[in-house]
Every structure is written in structure tokens, then in C-alpha cells.
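Please look at the sequence and the fold shown here before reading on. The briefing that follows goes through the packing inside the chain, one helix and the charged pairs.

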Amino acid sequence: MESSPQMVHERGGQEETPQPQPQPQPQAGPSGASAALAQEIAELWGEHLGSPGVGPQDDFFALGGNSLAGIKIIERVLLDHGVRLSVRDFYLAGTPAKVAELIEQGRAGT
């Protein structure tokens, strides 16, 4: 068993060397979409659905989403992120977090 380096104080006591604290990692959705991107998409949905406070797990149709709003959001995703989503994939995704996953997959070319 390895022991970590220790510092010896002038008075003779020993203290473990402070360990570096891990840096917080960006929060991710189930398939790795960043929380920041999911929140950005949620805000985009809020703009187009007239519903401020949309969260990453909110359902598009439960928020009153329709085909016109969906097409507008898909167009904005293409403009803002350079990823073309199919209408089918967008509707099947259903939440900002899952749409964010699709964007990241599109960026990665998968």
C-alpha cells in the first residue's frame, strides 16, 4: 500500500499533503450531450414556443409544440450549429437534452 507524501512541521507533527481537488466536469445527458448545449436548446424552444423556463427534459408536444415551430427550431439549429436534423429525428428526440445529443452526434459525424 502506497502512502501519500507528507509534510513535517517544525513542531514535529506530520500532516498529509493536500491532494488536488478534481475539477468539475460539465454535466452531461445520458449519451454525453453537455448541459450547456441542452440548456441552450431549451432556451431556443422557449423562444419559439412562447414558453420561458423550458428545461432540458421538457417534452416538445407537451409544451404546445407543432410542426411549424419544429421546422423553425430545426432551421435555427442548422444556422447556429451547422447540423441538419431530420424532422423525424427531431420529433422522436422530443426533449432539448435529446436534441442536444443529436447535435453533438452530427458534429462528430456519427
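Val99 touches Ile41, Trp45, Leu85, Phe90 and Ala93, where a contact means heavy atoms within 4.5 Å and residues up to four places away in sequence are not counted. This is a predicted model, in which local features need pLDDT of at least 70 and side-chain atom pairs count only at pLDDT 80 or more, while totals for chains, interfaces and linings use all residues. Residues are numbered from 1 along each chain as its sequence is written, and side-chain values use heavy atoms, with hydrogens and water left out.

**The nonpolar core**

- The largest nonpolar core (a set of buried Ala, Val, Leu, Ile, Met, Phe, Trp, Tyr and Cys residues joined through side-chain atoms within 4.5 Å) has 22 residues, of which Ile41, Trp45, Leu85, Phe90 and Val99 touch the most other members.
- At least two residues of this core come from each of H1 (35–49), H2 (67–81), H3 (87–93) and H4 (96–108), these helices being DSSP runs (H or I, at least four residues) numbered from the N terminus.
- H1 gives the largest share of this core, 7 residues.
- In soluble globular proteins, nonpolar side chains tend to be buried together.

**Helix H1**

- The buried residues of H1 are Leu37, Ala38, Ile41, Ala42, Leu44, Trp45, Gly46 and Leu49, where buried means under 20% relative accessible area, exposed over 50% and partly exposed in between (1.4 Å probe, protein chains only).
- These buried residues of H1 pack against H2, H3 and H4.
- The 15 residues of H1 should span 21 Å at 1.5 Å a residue, because the expected span is 1.5 Å times one less than the number of residues, and the end C-alpha atoms of H1 are indeed 21 Å apart.
- After H1 comes Gly50, whose phi is positive, near 60°.

**Salt bridges**

- The count comes to 2 salt bridges, each being a side-chain nitrogen of Lys or Arg within 4 Å of a carboxyl oxygen of Asp or Glu.
- One joins the side chains of Arg76 and Glu47, at 3.3 Å from N to O, and this pair links distant parts of the chain, with Arg76 in helix H2 and Glu47 in helix H1, 29 residues apart.
- Arg76 also forms a salt bridge with Asp80, with the closest N and O atoms 3.1 Å apart, and since these two are 4 residues apart in helix H2, about one helical turn separates them.
- Glu47, Arg76 and Asp80 are thus linked in a network of salt bridges.
- Glu47 is exposed, with a relative accessible area of 55%, whereas Arg76 is partly exposed at 27% and Asp80 is partly exposed at 42%.
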